[in-house]
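This note collects points for a colleague who has the sequence and the coordinates at hand. The remarks are numbered and may be checked one by one.

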Amino acid sequence: MMQISESHLQKNSLFNSMNRFIGAVNNMDQTVMVPSLLRDVPLEEEREMAALKSSGNSDIEDGDMYSYYQLLKSIRCDIEWGVMRAEEAKKRKESRASISRMDSAEEDSEVSSEEDEDNLQKQFQFHMTGLHGVLSKLTQQANTLTNRYKQEIGIGCY
């Protein structure tokens, strides 16, 4: 009885959402044997296009299935390997320039850090909920792309 309720609660865990997304993208990657066939294939559904444009990703300007495919693979890579590599180099440059400003800002940050600690749990829950929702949508989109690819090459969807 305890295992049943635990597995029901774990269904909505962030870890499981990430695993579902990675699994869907892996399935997409294994199904799409010739990604170049996705070039110039338009996204038919308006909600797919709106979701891509609302993400603010400049990599998807033309709105074809190939760009969509690349975006989903890139997000999977970010989840698996982290997004900090490029940001670390940028932060190192910025930290050298901001060392002199840190001394004066240190006094102000002590007051604001106390207020931030009170809101940490709320911020964490907000971001976890948002991340879970985004991962669910991305998983659905990876599955949609896989099915569209199957239709394009003439394989029936199962």
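1. A residue is called buried when its relative accessible area is under 20%, exposed when over 50%, and partly exposed in between. By that criterion, buried residues account for 24% of the 158 residues in the protein chain. It should be stated at the outset that this is a predicted model.

2. The secondary structure consists of 5 helices and 0 strands. Along the sequence, the protein chain therefore reads α-α-α-α-α, where helices are numbered from the N terminus.

3. Helix α4 covers residues 65-81, and its geometry can be checked against expectation. The expected span is 1.5 Å times one less than the number of residues. For the 17 residues of α4 this gives 24 Å, and the end C-alpha atoms are 24 Å apart, so the two values agree. Just after α4, G82 adopts a positive phi of about 95 degrees.

4. Within α4, the buried residues are M65, Y66, S67, Y68, Y69, L71, L72 and R76. One of them, Y66, also takes part in a contact with a charge: the charged end of R39 sits over the ring of Y66, at 3.8 Å from the ring centre. As for pairs between aromatic rings, the count is 1.

5. Which residues does K73 join, and where do the partners lie? K73 forms a salt bridge with D29, with the closest N and O atoms 3.6 Å apart. Since K73 belongs to helix α4 and D29 to helix α2 (residues 14-31), the pair ties together parts that are 44 residues apart in sequence. Both partners are partly exposed: K73 has a relative accessible area of 24%, and D29 has one of 25%.

6. The structure holds 2 salt bridges. Besides the bridge to K73, D29 meets the side chain of R76 in a salt bridge, with an N to O distance of 3.6 Å. This pair again links distant parts of the chain, with D29 in helix α2 and R76 in helix α4, 47 residues apart. Salt bridges that share partners thus join D29, K73 and R76 into one network. Within that network, R76 counts as buried at 12% relative accessibility, because the limit for buried is under 20%.

7. R148 is placed in helix α5, which runs over residues 84-153. Is this residue buried or exposed? R148 is buried, with a relative accessible area of 8%. R148 and L43 are 105 residues apart in sequence, while their C-alpha atoms are 9.4 Å apart in space.

8. On the surface, M33, V34, L37, I153 and I155 form a nonpolar patch, with about 450 Å² of accessible area together. Among them, L37 is located in the loop between α2 and α3 (46-54). At 46% relative accessibility, L37 counts as partly exposed, because this value falls between the limits of 20% and 50%.

Conventions
Residues numbered from 1 in each chain as written. Predicted model: local features only at pLDDT ≥ 70, side-chain atom pairs only at ≥ 80, totals over all residues. Heavy atoms only, no water. Phe/Tyr/Trp six-rings, centres within 6.5 Å; stacked < 30°, edge-to-face > 60°. Lys NZ or Arg CZ within 6 Å of the ring centre and 35° of its normal. Helix = DSSP H or I, 4+ residues; strand = E, 2+ residues; numbered from the N terminus. Buried < 20%, exposed > 50% of the residue type's maximum accessible area, 1.4 Å probe, protein only. Salt bridge = Lys/Arg side-chain N within 4 Å of Asp/Glu carboxyl O. Patch = residues over 30% accessible without salt bridge, like charges linked within 9 Å, V, L, I, M, F, W, Y side chains within 5 Å. Areas by Shrake-Rupley, 256 points an atom, 1.4 Å probe, with all protein chains shown as cover.
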